[in-house]
Amino acid sequence: MIRKNDIWKFNDNDWKVHIQDKELCKKILHKFKLNNPTIYYENGVFAEETSWDIIVPDKILNKVKKFIKEVA
């Protein structure tokens, strides 16, 4: 589940959404045709991805939030 502080204004036209579920991240990227996210790794070791930040344009933010609620 996404918490309120997992979504923040990134710049004038975009938001960042922090995701900790790999499958949910893949679904969001595919459904909304978004670019590759920023990837975070466990303790700096590149073997295990732990979370992702996706840049979401203003115009589809509400659709993405609704999709997350429906899927999560």
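## Salt bridges, helix faces and ring pairs

Glu23 and Lys26 form a salt bridge whose closest N and O atoms sit 3.9 Å apart. This is a predicted model, so keep that in mind for every value that follows. Both partners belong to helix H1, three residues apart, which is about one turn of the helix. Why does that spacing suit a pair? An α-helix has 3.6 residues a turn, so residues three or four places apart point the same way. Side chains of opposite charge can pair when their charged atoms come close. As for solvent, Glu23 is partly exposed at 46% relative accessibility, and Lys26 is partly exposed at 46%.

### The other salt bridges

How many salt bridges does the structure hold? There are three. Here they are side by side.

| Acid | Base | Closest N and O atoms |
|---|---|---|
| Glu23 | Lys26 | 3.9 Å |
| Asp58 | Lys9 | 3.0 Å |
| Glu49 | Lys22 | 3.8 Å |

Take Asp58 and Lys9, with their closest N and O atoms 3.0 Å apart. Asp58 is in the loop between strand S4 (49–57) and helix H2 (61–71), while Lys9 is in strand S1 (residues 7–9), so this salt bridge ties together parts that are 49 residues apart in sequence. Asp58 is partly exposed, at 34% relative accessibility, and Lys9 is partly exposed too, at 39%.

Then there's Glu49 with Lys22, at 3.8 Å between the closest N and O atoms. That pair also links distant parts of the chain, with Glu49 in strand S4 and Lys22 in helix H1 (residues 22–32), 27 residues apart. Glu49 comes out partly exposed at 31% relative accessibility, and Lys22 is partly exposed with a relative accessible area of 41%.

### Helix H2 and its two sides

Which residues of H2 are buried? They are Leu61, Val64, Phe67 and Ile68. Viewed down the axis of H2, the buried residues fall within an arc of 125 degrees, so they line one face of the helix. On the other side of H2 you'll find Asn62, Lys63, Lys66, Lys69 and Glu70, which are exposed. And what do the buried residues of H2 pack against? Their partners are S1, strand S2 (14–19), H1 and S4.

### Aromatic pairs

Searching the whole structure turns up two aromatic pairs. In one of them, the ring centres of Phe32 and Phe67 are 5.7 Å apart and the planes are at 85 degrees, so the pair is edge-to-face. Phe32 is in helix H1 and Phe67 in helix H2, so the two rings tie together parts that are 35 residues apart in sequence. Both Phe32 and Phe67 are buried. Phe67 is also one of the residues that H2 buries.

Tyr41 and Phe46 make the other pair: the ring centres are 5.0 Å apart and the planes at 85 degrees, so this one is edge-to-face as well. Is Phe46 buried or exposed? Phe46 is exposed, with a relative accessible area of 67%, whereas Tyr41 is partly exposed at 27%.

### A nonpolar patch on the surface

Trp8, Phe10 and Ile55 make a nonpolar surface patch of about 270 Å². Ile55 sits in strand S4, the strand that also holds Glu49. Ile55 is partly exposed, with a relative accessible area of 38%.

### Two residues to look at

Asp6 is in the segment before S1. Is this acid buried or exposed? With a relative accessible area of 8%, Asp6 is buried, because the cut-off for buried is under 20%. What does Asp6 touch? Leaving aside residues up to four places away in sequence, Asp6 is in contact with Lys16, Val17 and His18.

Lys33 is the other one. Its phi is near 55 degrees, a positive value in a residue other than glycine. Where does Lys33 lie? It is in the loop between H1 and strand S3 (38–41). Lys33 is exposed, with a relative accessible area of 71%.

Conventions
Residues numbered from 1 in each chain as written. Predicted model: local features only at pLDDT ≥ 70, side-chain atom pairs only at ≥ 80, totals over all residues. Heavy atoms only, no water. Salt bridge = Lys/Arg side-chain N within 4 Å of Asp/Glu carboxyl O. Helix = DSSP H or I, 4+ residues; strand = E, 2+ residues; numbered from the N terminus. Buried < 20%, exposed > 50% of the residue type's maximum accessible area, 1.4 Å probe, protein only. Patch = residues over 30% accessible without salt bridge, like charges linked within 9 Å, V, L, I, M, F, W, Y side chains within 5 Å. Areas by Shrake-Rupley, 256 points an atom, 1.4 Å probe, with all protein chains shown as cover. Arc of directions from axis to C-beta. Contact = heavy atoms within 4.5 Å. Phe/Tyr/Trp six-rings, centres within 6.5 Å; stacked < 30°, edge-to-face > 60°.
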